[in-house]
Amino acid sequence: TLDNANWCPHNGQSEAASWAQLQALQAAGWTFVTHSSTYPNNASLWSAMTPSQMWDETCGAAQVIDAHGLHGASDMYLWPNNTGNVPNINSYAQSHFVEPCFGTARFYGGGLSTLTQLATPTYEQSVVGLHGGSCNVSGTPCSNVPGAPKRYLTPANVIAQLQALQPGQVFTLQSYVLVTGTNPTYATNKDRWDCTSSDPNLHWANDSERYCYSDWQAVVSYLASSGLGITQPGVVAAAAGRSGYSDTAVTRP
């Protein structure tokens, strides 16, 4: 992240916010979560790290965010691609730098967590991603879209899960890259999507991290009128008796 300029991640097609823009969001009430500084996304990379490198990817990354005045950097740690759930590979990083430094750690699951699970080592918060994928109407061209191995997660599917929530349960949603309209194949790669149909079952993206903005709005609109509480990861962690690091709690090895 740059001080005042944007840069383009995700195959060069998405503008990342600058520190100045993030500080403006913080002033508007946003809080932030931390993923590792270089996002090593497989277990073998983590197992090859020194303790100092593991610190850089966990506590150190949170402290960079915190140093820029952005609240909540230690509320949730985002293990890349669930590598934090690989037994024994990241036990050192987990016990020395994640559990002491962060309220909870994200892993991909059904999205549903209980306060008991959040308060028990390894303090994991189950997350469901709002993901793209082939559309949900069999026999149509979009039902066999190459790329994402998943079916498009429709608002109706998410809302049904929200309606099934019971007291003491937390449902955690994660959105990635929100897109609008339709997009043919890029000249430089094969990312595509179509959000134009009035039927969400026909929305799709061949990258699972792309999701239609209109469908995200439908989920949020339901939440706003549902009577369910909507909050940030840090509030969830605090309700389970967890909190993030202090600058002196864990130092670089």
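Where is the place of Tyr39? I looked this up at the start and found Tyr39 in the loop between strand S1 and helix H2. I note here that the model is a predicted one.

**Entry 1: backbone of Tyr39 and Tyr123**

I read the phi angle of Tyr39 as near 55 degrees, a positive value in a residue other than glycine. I then looked up its accessibility: Tyr39 counts as partly exposed because its relative accessibility is 30%, and partly exposed covers the range between 20% and 50%.

I turned next to Tyr123, whose phi is also positive, near 55 degrees, and which is likewise not a glycine. Tyr123 belongs to the loop between H6 and S5. Its relative accessible area is 14%, so I recorded Tyr123 as buried, the limit being under 20%.

**Entry 2: a cis peptide bond**

Which residues does the cis peptide bond join? I found Pro121 and Thr122 as the pair, with omega about 15 degrees. I placed Thr122 in the loop between helix H6, residues 115–118, and S5.

**Entry 3: surroundings of Thr34**

I located Thr34 in strand S1, which spans residues 34–35. Is Thr34 buried or exposed? Its relative accessibility is 1%, and therefore I entered Thr34 as buried. I also listed what Thr34 touches, leaving aside residues up to four places away in sequence. Among these contacts are Thr58, Ala61, Ala62 and Ile65, together with Met76, Tyr77, Leu78 and Phe102.

**Entry 4: helix H5**

I looked up the buried residues of helix H5, residues 91–98, and obtained Ala93, Gln94, Phe97 and Val98. Viewed down the axis of H5, these buried residues fall within an arc of 115 degrees, so they line one face of the helix. I then asked what covers the buried residues of H5. The cover includes three helices, H2 (43–47), H3 (51–57) and H4 (59–67). Strands S2 (76–78) and S3 (104–108) are also included in the cover of H5.

**Entry 5: helix H7 and its cover**

For H7 I recorded Pro155, Val158, Ile159 and Leu162 as buried. Seen down the axis of H7, the buried residues lie within an arc of 95 degrees, so they line one face of the helix. Their cover includes strands S6 (169–171), S7 (173–174) and S12 (210–212), as well as H8.

**Entry 6: H7 against H8**

How do the axes of H7 and H8 cross, and within what distance do they come? I found that the axes of H7 (residues 155–163) and H8 (residues 213–226) come within 9 Å and cross at roughly 25 degrees. That makes H7 roughly parallel to H8, because angles under 35 degrees count as roughly parallel. I noted the crossing of H7 and H8 as right-handed.

I next listed the residues in contact. From H7, Pro155, Val158, Ile159, Leu162 and Gln163 take part, and they meet Asp215, Ala218, Val219, Tyr222 and Leu223 of H8. By class, I counted eight nonpolar residues, one polar and one charged in this contact.

**Entry 7: Gly139**

I closed with Gly139, which is found in the loop between strand S5, residues 124–129, and H7. Gly139 counts as exposed because its relative accessibility is 75%, and the limit for exposed is over 50%. Lastly, I looked up its separation from Gln217: the two C-alpha atoms are 28 Å apart, while the residues are 78 residues apart along the chain.

Methods: Residues are numbered from 1 along each chain as its sequence is written. This is a predicted model: local features need pLDDT of at least 70, side-chain atom pairs count only at pLDDT 80 or more; totals for chains, interfaces and linings use all residues. Side-chain values use heavy atoms; hydrogens and water are left out. Axes are lines fitted to C-alpha atoms, for helices over the stretch in contact, and angles run from 0 to 180 degrees between N-to-C directions. Helices (H or I, at least four residues) and strands (E, at least two) are DSSP runs, numbered from the N terminus. Angles under 35 degrees count as roughly parallel, over 145 as roughly antiparallel, 65 to 115 as roughly perpendicular and the rest as oblique. A crossing is left-handed if the near helix is turned anticlockwise from the far one by less than a right angle, and right-handed if clockwise. Contact means heavy atoms within 4.5 Å. Ala, Val, Leu, Ile, Met, Phe, Trp, Tyr, Cys and Pro count as nonpolar, Asp, Glu, Lys and Arg as charged, and the others, Gly among them, as polar. Buried means under 20% relative accessible area, exposed over 50%, partly exposed in between (1.4 Å probe, protein chains only). The arc is that of the directions from the helix axis to the C-beta atoms.
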